[in-house]
Amino acid sequence: MNLKPGVGKTTSAVWLAHALCAMDVPPLLVDSDPAGSALRWSELAGGFPFPVIALPVGDVHRRIDDFLGGRQAVVLDAPQLEDHARIARGVMRHADEWVVPVTPAPIELDRMAPIQAEMGEVQSLRAEPARTAVLLNRTNRRESTRTGPDADAREVLAERGFDVLDTQIARLDLYSQSFGGPVQVENTAYMDLAAELLKRREGA
């Protein structure tokens, strides 16, 4: 989830879903963005090895259970809050963990305050609070470092009360140019992301 488009929500959701599938946790991928990018991606790629459904509706949190079929994981691709707030909030009401992809750039970090406000508002509607995490996306390095803009972004986000995931996604054509094609997730950072999120779920 994020306030605006173009931050890598769909790319993150599709690659994460493939990583979970590769770890024998086959997910349901729910495309809740009216643009339908995840569903279109699966069509262009000749299908994904897990089901993809479109639910761009405000009561998505009430409908998802009808499609689970005993699956252990659901990945939801939420639309941008600034244009589709009702749908995005419906996604947030269902999901156990909210993952916010953020590029380590000043303009992106500046937009985190309104996201934090949205999170607080939706948390008040839930019976149990959701876990929240920031995914540093399109970073300058593959791995986290103690210096440079990636490290500075981590520090700023931590100071503002955000939980930043250890895994970060580097700025690579492998990810940015992957729309519409098959996803080869083995030995990528998304496998690390899936493992980290599953560990967080177990810890909860």
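## Two parallel sheets, their pockets and three exposed loop residues

Leucine 28 stands opposite valine 74 in β3. This pairing comes from a predicted model, and it is a good place to enter the fold.

### The sheet around β1

Leucine 28 belongs to strand β1, residues 27–31. Five bridges join β1 to β3, and the two strands run parallel. They are part of an open sheet of three strands. The order is β2-β1-β3, with parallel pairing. β2 (52–54) and β3 (73–77) are the edge strands, each pairing on one side only. From one strand to the next, the twist averages 25°.

Strands of a sheet pair through backbone hydrogen bonds, either parallel or antiparallel.

### The sheet around β5

A further open sheet has three strands in the order β4-β5-β6. Its pairing is parallel. Here the edge strands are β4 and β6, and each pairs on one side only. Neighbouring strands of this sheet are turned by 25° against each other on average, direction ignored.

Six bridges join β4 to β5. Tryptophan 98 has threonine 132 in β5 as its bridge partner. On to β6: four bridges join β5 (residues 131–139) to this strand. Valine 134 stands opposite valine 164 in β6.

How does the chain get from β5 to β6, and what is the hand of the unit they make with helix α7? Helix α7 (residues 149–159) joins β5 and β6 in a β-α-β unit, and the unit is right-handed.

Is β6 largely enclosed or not? Buried means under 20% relative accessible area. Six of the seven residues of β6 (residues 164–170) are buried, so the strand is largely enclosed by the rest of the structure.

### Pockets and a cavity

The table sets out the spaces found in the model.

| Space | Volume | Lining by class |
|---|---|---|
| Largest pocket | about 680 Å³ | 20 nonpolar, three polar, six charged |
| Second largest pocket | about 240 Å³ | five nonpolar, five polar, four charged |
| Largest cavity | about 30 Å³ | four nonpolar, one polar, two charged |

Take the largest pocket. It is lined by 29 residues. Leu16, Val74, Val75, Leu76 and Glu97 lie nearest its centre. Val74 is also the residue opposite leucine 28. Several elements give two or more residues to this lining: α1 (9–22), β3, α4 (85–94), β4, β5 and α9 (189–203).

Now the second largest pocket. Of its 14 lining residues, the closest to the centre are Arg142, Glu143, Thr188, Ala189 and Asp192. The elements giving two or more residues are β6, α8 (173–176) and α9. Which element gives the most to this lining? β6 does, with four residues.

How many cavities of 30 Å³ or more does the structure hold? There is one. Its lining consists of Asn2, Pro101, Val102, Glu108, Arg111, Met112 and Ile115. Two elements, β4 (97–102) and α6 (112–123), give two or more residues to this lining.

### Exposed loop residues

Three loop residues deserve a look. The cut-off for exposed is over 50% relative accessible area.

Aspartate 24 sits in the loop between α1 and β1. Its relative accessible area is 67%, so it is exposed. Its phi is positive, about 65°, although the residue is not a glycine.

Asparagine 187 also has a positive phi, near 60°, and is a residue other than glycine. It is found in the loop between α8 and α9. Is asparagine 187 buried or exposed? With a relative accessible area of 80%, it is exposed.

Aspartate 66 lies in the loop between α3 (60–63) and β3. Its relative accessibility is 66%, so it counts as exposed. Leucine 39 is 27 residues apart from aspartate 66 along the chain. The C-alpha atoms of the two residues are separated by 18 Å.

Terms used
Residues numbered from 1 in each chain as written. Predicted model: local features only at pLDDT ≥ 70, side-chain atom pairs only at ≥ 80, totals over all residues. Heavy atoms only, no water. Buried < 20%, exposed > 50% of the residue type's maximum accessible area, 1.4 Å probe, protein only. Pairing = 2+ DSSP bridges. Right-handed = clockwise from strand over helix to strand, strands pointing away. 1 Å grid on protein atoms, 1.4 Å probe; cavity = no way out; pocket = protein on both sides within 12 Å on 5 of 7 lines; lining within 4 Å. Points joined across faces, edges and corners; volume = space filled by probe spheres on them. Nonpolar A, V, L, I, M, F, W, Y, C, P; charged D, E, K, R; others polar. Axes fitted to C-alpha atoms, helices over the stretch in contact; angles between N-to-C directions.
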